[in-house]
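Please examine the sequence and the model below before reading on. The paragraphs that follow lead from the overall build of the protein to its metal site and then to several individual residues.

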Amino acid sequence: MPKRLDDAQELSSGVKREIACVLASAHVQSAIEGFRSQESQLREWQMEMARIPAPPFGEGERAQWLAQRFCELGLENVHEDSVGNVLGLRKGTTEQCVTVSAHIDTVFPAGTPLNIRREGSRLYGPGISDNGAGVTALLGIAAALKSAQISHELSVLFIGNVGEEGEGDLRGMRHIFSNPQLKDLISYSLVVDGAGSDTVVSEALGSRRFEVIVRGPGGHSWSDYGTANPIPVLARAIQAFSQTTVPTSPKTTFNIGVIQGGTSVNSIPESASMRVDIRSASTAEIEKLETALRNSISSAADEELRMLEKRGPERKAPPGLSFEVIGIGDRPAGELNPNARILEVIRAVDADLGNVAAIQRASTDANIPLSQGREAVSIGGGGNGGGAHTLQEWFDCEGRDLGLKRILITLLVLAGTAN
Ligand SMILES: [Zn+2]
């Protein structure tokens, strides 16, 4: 069960005062009042963006669209970095910054029909919420800071990043946090992913994914009988690996999601493969499972060779058996320090807004800063949404202003207002 924020320890009076101080600014009040009247513009942006395909590794056109919006909203130094992330800066009085990021990629392959449409307050279509809601929230916040002329101490770096979904494997965020000049300027990271205002992801669920391929010489089922066969090797490895026990706390899971191999019933296959997903809140548990996987496959291969030797003279070809374990995904685990300021601030903002939010563990762009021990959370862009990763995806604009208010106040407490 997710822990409820309101069950946690007392909020410090210091943060409450900081929130009151941010809210006392006439500029901030005018930004907050503007969110409702901004809604039709936000909706237009959201639909316009969702109509631009952004499959994994194909975010270029959407990135260009976002860079134009960043320029129109007065952000400085708007540019695309070498992996395709779009960055735009709103300068504060110092170079240190808070990042507000949203992934721009979708899970939908190129060619997916994007029938983006609106019925009343509801928007429909693939990617409209994940992450149409997040990117639109970024634009809403940038627009509000501009029109209400809010000044802040820390700079605010807006990022539309690539590669959050699936095989993108968090490459956009990984790039940001591997840049030595940039990463040390980042004090806090607010990741905006999907709809809603009722969650705070402060625990990064780690995962590793593997493709295991077993190869052999292959041959005819009758005339080459005795040749090493990759399918029984893979089957033995699956049998052994499936027996591995995992702890319930920290929750750790594994899944064999795909198996493939062989060409016909009377051929000894040349290869067989499986895809394995391993997840845990603990990197150590992920590593144990990876070792178990590697051991299962190497024992299974040894066993096949022993069996072939027993068949002795019947064996026609040399075994020629090999296997490979290829990493196809690696999202690091991590957890926010329970005393982290970013968590204290968002909890206090929620208390102030009378908003109830649950702390969650998930795999998001925040995994990267969290795994480096940095202050980061992932939250929603307001409104309501559902059907993520399906063609029936929807977003309801009702309540978006609450989400934007929550992001704005959190951002300004973290950054410090200067007017
Ligand atoms: Zn997402």
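**From the surface to the zinc site**

The protein exposes about 18200 Å², of which carbon and sulfur atoms supply 49%. The model under discussion is a predicted one. Along its principal axes, the C-alpha trace spans about 90 × 45 × 40 Å. Eleven helices and 19 strands are found in the protein. Of its 419 residues, 52% are buried. Contacts across the sequence are also informative: among those between residues at least 6 apart, 81% join residues at least 24 apart. As for charge, there are 40 positive and 51 negative side chains, and the centres of these two sets lie 2 Å apart.

The metal site comes next. Which residues are the protein donors of the zinc ion? They are His103, through NE2, together with Asp130 and Asp193, each through OD, and they lie 1.9 to 2.2 Å from the ion. Their spacing in sequence follows the pattern H-x26-D-x62-D. His103 and Asp130 link distant parts of the chain, being 27 residues apart. His103 belongs to strand S3 (residues 97-103), whereas Asp130 is in the loop between strand S5 (122-124) and helix H4 (132-147). Are these two donors buried or exposed? His103 counts as buried because its relative accessible area is 1%, and Asp130 is likewise buried because its value is 12%; the cut-off for a buried residue is under 20%.

Asp130 has a further feature in its backbone. The peptide bond that leads from Asp130 to Asn131 is cis, with omega near 20 degrees. Asn131, like its partner in this bond, is placed in the loop between S5 and H4. A cis peptide bond also joins Ser249 and Pro250, where omega is about -5 degrees. Pro250 lies in the loop between helix H7 (230-242) and strand S11 (252-261). As background to such cases, most peptide bonds are trans, and most residues other than glycine have a negative phi.

Two residues illustrate the matter of phi. Asn77, although not a glycine, has a positive phi of about 50 degrees. Asn77 lies in strand S1 (residues 76-80) and counts as exposed because its relative accessibility is 58%. His389 also has a positive phi, near 65 degrees, and is a residue other than glycine. His389 is found in the loop between strand S18 (384-386) and strand S19 (394-396). With a relative accessibility of 43%, His389 counts as partly exposed.

Helix H1 shows how a helix can present a buried side. Which residues of H1 (residues 13-23) are buried? They are Val15, Ile19, Val22 and Leu23. Seen down the axis of H1, these buried residues fall within an arc of 95 degrees, and therefore they line one face of the helix. The general geometry is helpful here: an α-helix has 3.6 residues a turn, so residues three or four places apart point the same way. Arg17 and Cys21 are exposed residues on the face of H1 turned away from its buried side. The buried residues of H1 pack against three helices, namely H2 (26-50), H9 (341-353) and H11 (400-415).

Two further residues may be considered through their surroundings. Ser197 is located in the loop between strand S7 (186-192) and strand S8 (199-204). Ser197 counts as buried because its relative accessibility is 9%. Which residues does Ser197 contact, leaving aside its neighbours within four places in sequence? The contacts are with Asn355, Ala357, Gly382, Leu402, Gly403 and Arg406.

Arg275, by comparison, has its place in strand S13 (residues 271-280). This arginine is partly exposed, with a relative accessible area of 31%. Arg275 and Gln260 are 15 residues apart in sequence, and their C-alpha atoms are 9.0 Å apart in space. Not counting residues up to four places away in sequence, Arg275 touches Glu167, Phe210, Glu211, Asn255, Ile256, Gly257, Val258 and Ile328.

Conventions:
Residues are numbered from 1 along each chain as its sequence is written. This is a predicted model: local features need pLDDT of at least 70, side-chain atom pairs count only at pLDDT 80 or more; totals for chains, interfaces and linings use all residues. Side-chain values use heavy atoms; hydrogens and water are left out. Donors are N, O and S atoms within 2.8 Å of the metal (3.2 Å for Na, K and Ca); water is not among the atoms, so sites may look incomplete. Helices (H or I, at least four residues) and strands (E, at least two) are DSSP runs, numbered from the N terminus. Buried means under 20% relative accessible area, exposed over 50%, partly exposed in between (1.4 Å probe, protein chains only). Contact means heavy atoms within 4.5 Å. Accessible areas come from the Shrake-Rupley method with a 1.4 Å probe; for residues, only the protein chains shown count as cover. Lys and Arg count as positive and Asp and Glu as negative; His and the chain ends are not counted. The place of a charge is taken as NZ of Lys, CZ of Arg, CG of Asp or CD of Glu. The arc is that of the directions from the helix axis to the C-beta atoms.
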